[in-house]
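Here are some exercises to work through at your own pace. Try each task before you read its solution.

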Amino acid sequence: MAEKISEIAKNFHAEHRGNCAMSVAYGFARANGKSEAEAVEAAEMFRNFGGGRAPGGFCGALYAAKMMQPDHAETLEDVFKKGAKNCTLCREIRPNTVIPCNRCVALAGEALDSLKK
């Protein structure tokens, strides 16, 4: 069985290889058969969207997930909100420690994984 996006993304983030948005993009790329170099390149496109800098103030992990699967953005957001106490904005999540950033990364990955079922 192929490795899950959520696991790959969470590990990338935990290893401090990228911010939350980069981690989700990397996980998505690797889980979908991209090489290490291709996945790192995909992650780099999201370098500026972590730490509350995603458009609209969204959590960067959620933003990246929605960019990976734009046709399923609403579903991804619904899944994410369930695990993040109905929050989607970084400024709601981080300062209030709703869930840790690494959990946001895993949650966004789980939302993407759920599309495969």
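## Exercise 1: Surface and overall build

The accessible surface of this predicted model comes to about 6200 Å², and 50% of that surface belongs to carbon and sulfur atoms.

**Task.** Work out which secondary-structure elements the protein has and how compact it is for 117 residues.

**Solution.**
- Step 1: Count the elements. There are 7 helices and 0 strands.
- Step 2: Read along the sequence. The pattern is α-α-α-α-α-α-α.
- Step 3: Compare the radius of gyration with the globule rule. The protein has 12 Å, close to the 13 Å that the rule gives for 117 residues, so the protein is as compact as a globular protein of that length.
- Step 4: Look at the box around the C-alpha atoms. Along the principal axes, they fill roughly 35 × 30 × 20 Å.
- Step 5: Add burial to the picture. Of the 117 residues, 48% count as buried.
- Step 6: Look at the contacts between residues at least 6 apart in sequence. Of these, 55% join residues at least 24 apart.

## Exercise 2: The nonpolar core

**Task.** Find which helices supply at least two residues each to the largest nonpolar core, and describe what A61 is in contact with.

**Solution.**
- Step 1: Start with the core itself. The largest nonpolar core has 38 residues, and those with the most contacts inside it are V24, F46, A61, F80, I93 and L112.
- Step 2: Go through the helices. At least two core residues each come from α1 (5-14), α2 (20-31), α3 (36-44), α4 (60-68), α5 (73-83) and α7 (101-114).
- Step 3: Pick out the top contributor. With 9 residues, α2 gives the most to this core.
- Step 4: Now take A61 and leave aside its neighbours within four places in sequence. A61 is then in contact with C20, A21, V24, C104, V105 and A108.

## Exercise 3: A31, buried or exposed?

**Task.** Decide whether A31 counts as buried or exposed, and find which residues A31 touches.

**Solution.**
- Step 1: Place the residue. A31 lies in helix α2.
- Step 2: Apply the cut-off. Buried means under 20% relative accessible area. A31 has 16% relative accessibility, so A31 counts as buried.
- Step 3: List the partners, not counting residues up to four places away in sequence. A31 touches E3, I5, I8 and K116.
- Step 4: Try a distance. A31 and T75 are 44 residues apart in sequence, and their C-alpha atoms are 19 Å apart in space.

## Exercise 4: Three loop residues

**Task.** Say where H16, N86 and P100 lie, and whether H16, N86 and P100 are buried or exposed.

**Solution.**
- Step 1: Recall the cut-off. Exposed means over 50% relative accessible area.
- Step 2: Take H16, in the loop between α1 and α2. Its relative accessible area is 72%, so H16 is exposed. Phi of H16 is near 60 degrees, a positive value in a residue other than glycine.
- Step 3: Take N86, in the loop between α5 and α6. Its relative accessible area is 56%, so N86 is exposed. Phi of N86 is also positive, near 70 degrees, and N86 is a residue other than glycine.
- Step 4: Take P100, in the loop between α6 (90-93) and α7. At 58% relative accessibility, P100 counts as exposed. The C-alpha atoms of P100 and A84 are separated by 9.7 Å, with their positions 16 residues apart along the chain counted as the sequence separation.

## Exercise 5: Charges

**Task.** How many positive and negative side chains does the protein have, and how far apart are the centres of the two sets?

**Solution.**
- Step 1: Count each kind. There are 16 positive and 14 negative side chains.
- Step 2: Compare the centres. The centres of the two sets lie 5 Å apart.

How values were computed: Residues are numbered from 1 along each chain as its sequence is written. This is a predicted model: local features need pLDDT of at least 70, side-chain atom pairs count only at pLDDT 80 or more; totals for chains, interfaces and linings use all residues. Side-chain values use heavy atoms; hydrogens and water are left out. A nonpolar core is a set of buried Ala, Val, Leu, Ile, Met, Phe, Trp, Tyr and Cys residues joined through side-chain atoms within 4.5 Å. Buried means under 20% relative accessible area, exposed over 50%, partly exposed in between (1.4 Å probe, protein chains only). Helices (H or I, at least four residues) and strands (E, at least two) are DSSP runs, numbered from the N terminus. Contact means heavy atoms within 4.5 Å. The radius of gyration is taken over C-alpha atoms; the globule rule is 2.2 Å times the number of residues to the power 0.38. Accessible areas come from the Shrake-Rupley method with a 1.4 Å probe; for residues, only the protein chains shown count as cover. Lys and Arg count as positive and Asp and Glu as negative; His and the chain ends are not counted. The place of a charge is taken as NZ of Lys, CZ of Arg, CG of Asp or CD of Glu.
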